[in-house]
Amino acid sequence: MGLIYLNGELVPTEDAKISVYDHGLLYGDGIFEGIRVYNGHVFNLDRHIERLFNSAKVIGLKLPLSHAEIKDAVKKTVKANDIVDPYIRLVVTRGVGNLGLDPRKCANPQIIIIVDKIQLYSEELYKKGLDTVIVPTIRNHYEALNPRVKSLNYLNNIMAKIECVNVNKDEAIMLNKDGYVAECTGDNIFIIKDSELLTPPMSAGILVGITRNEVIRLAKEMEITVREEALTRYDLYTADECFLTGTAAQIISVVTIDGRTISTGKPGEITIKLLEAYRKLIYSYTGDE
Ligand code: PXG
């Protein structure tokens with residue numbers, strides 16, 4: 001049975017409860033991180049906690065713990081749960097308030113750490129590649145709710161997910177208000193064109209993925225030209241390869257977009273090379289612990 005970290009205590013899953021007056025539930029008022037553990041090391045923990053602090057800053061939430069304390073809490077929860085290569089969900093809610101929006105009524109942010117398994121896509125899909133669709137719902141405008149904030153309000157992404165499920169596709173690609181490609185529901189997107197690696201820039205309104213940044217770094221190491229640039233649907237349809245990146249998904253190939261087959265319809269050569277390099281990186285990671 002799992003143990004959940006809840007405000008400093010490790011409690012059995014069935015006892016890990018929070019109030020119905022928590023603004024995380026009432027308003028989606030809070031932030032989170034999704035982190036992976038490989039070979040007992042929490043991969044890129046510092047970067048995830050740094051992103052969490054930035055999200056907290058933007059939504060005006062003061063975290064009750066320091067960077068180092070959150071790191072310790074994460075490691076402690078991983079140790080308390082005997083799971084091979086688990087996934088960590090680090091959640092901070094605004095805490096208990098009243099039935100009004102005002103966050104000043106919420107005195108105590110709640111820190112929750114869940115350690116569990118995750119499988120976003122089946123092994124078969126990694127071999128075959130994803131069938132995707134560009135959905136009608138656009139990604140949140142960056143001056144409304146900046147996608148760089150990993151907030152507990154994921155309705156924007158869930159709407160997109162519903163639209164892809166409705167047409168029986170594996171994943172949704174979201175555009176921004178200008179019609180440029182942003183990202184997927186829980187992953188960043190890349191294409192290969194003429195041996196170059198292209199991905200939407202931060203200014204497209206995306207979550208700046210930690211996996212995205214690792215893939216950019218690995219590609220440069222492999223002497224692949226990388227360009228962060230505005231991409232259109234045309235660029236996606238005519239790409240040589242396309243893939244998604246995320247902490248949970250790692251790197252997964254996209255083989256169709258809106259019924260257009262990408263190149264040969266099989267995971268591309270460079271995609272496979274990058275996935276190999278990424279797996280090598282995560283399994284040789286020793287972190288700073
Ligand atoms: N974009 C969005 C919108 C995300 O939520 C990523 C990109 C990838 O970022 P990282 O840092 O992980 O490389 C994410 C994170 C899910 C799920 O169940 C996915 C995420 C978070 C929570 C749930 O699909 N991905």
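Contact here means heavy atoms within 4.5 Å of each other, and buried means under 20% relative accessible area, exposed over 50%, and partly exposed in between, with a 1.4 Å probe and protein chains only. The model is predicted, so that local features need pLDDT of at least 70 and side-chain atom pairs count only at pLDDT 80 or more, while totals for chains, interfaces and linings use all residues. Residues are numbered from 1 along each chain as its sequence is written, and side-chain values use heavy atoms, with hydrogens and water left out. Helices (H or I, at least four residues) and strands (E, at least two) are DSSP runs, numbered from the N terminus.

**Exercise 1. Find which residues of helix H5 are buried, and what they pack against.**

Step one is to locate the helix: H5 covers residues 155-166, and its twelve residues reach 16 Å from the first C-alpha to the last, close to the expected 16 Å, where the expected span is 1.5 Å times one less than the number of residues. Step two is to pick out the buried residues of H5, which are Asn-156, Asn-157, Ala-160 and Cys-164. They lie on the same side of H5, because they cover an arc of only 95° around the axis, the arc being that of the directions from the helix axis to the C-beta atoms. Step three is to look at the other side of H5, where Leu-155 and Asn-166 are exposed. The last step gives the partners: the buried residues of H5 pack against strand E7 (130-134) and strand E8 (171-175).

**Exercise 2. Work out which strands stand at the edges of the six-stranded open sheet.**

Begin with the order of the strands, which is E2-E1-E6-E5-E3-E4, with antiparallel pairing; two strands pair if DSSP finds at least two bridges between them. Strand E2 (9-12) and strand E4 (41-42) stand at the edges, and each has a single partner strand, so one side of each is left without a neighbour in the sheet. For E4, strand E3 (residues 30-38) is joined to it by two bridges in an antiparallel arrangement, and Tyr-38 stands opposite His-41 in E4.

**Exercise 3. Describe how strand E10 is paired and where it meets helix H8.**

First, E10 (residues 188-193) is mostly covered, with five of its six residues buried. Next, five bridges join E10 to strand E13 (residues 241-246) in antiparallel fashion, and Phe-190 stands opposite Phe-243 in E13. Three bridges also join E10 to strand E11 (residues 196-199), again antiparallel, and these two strands form a hairpin with two residues between them, where Asp-194 in the turn has a positive phi of about 50°. Finally, turn to H8 (residues 269-284), whose buried residues include Ile-270, Leu-274 and Tyr-278. The buried residues of H8 fall within an arc of 165° seen down its axis, so they line one face of the helix. What covers them includes E10, E11 and E13, whereas Glu-269, Glu-276 and Lys-280 are exposed on the other side of H8.

**Exercise 4. List polar side-chain atoms that lie close to atoms of the ligand.**

Start with the surroundings: 21 residues surround the ligand (a residue is near a molecule if one of its heavy atoms lies within 4 Å of it), and among the closest are Tyr-154, Glu-183 and Thr-247. Then take the polar contacts, each a pair of N or O atoms within 3.5 Å. A polar side-chain atom of Arg-51 is 2.9 Å from an oxygen atom of the ligand, and an N or O atom in the side chain of Lys-150 is 3.3 Å from an oxygen atom of the ligand. For Glu-183, an N or O atom of the side chain is 2.6 Å from a nitrogen atom of the ligand.

Key. Polar contact = N/O pair within 3.5 Å; in protein donor to acceptor, adjacent residues only side chain to side chain.
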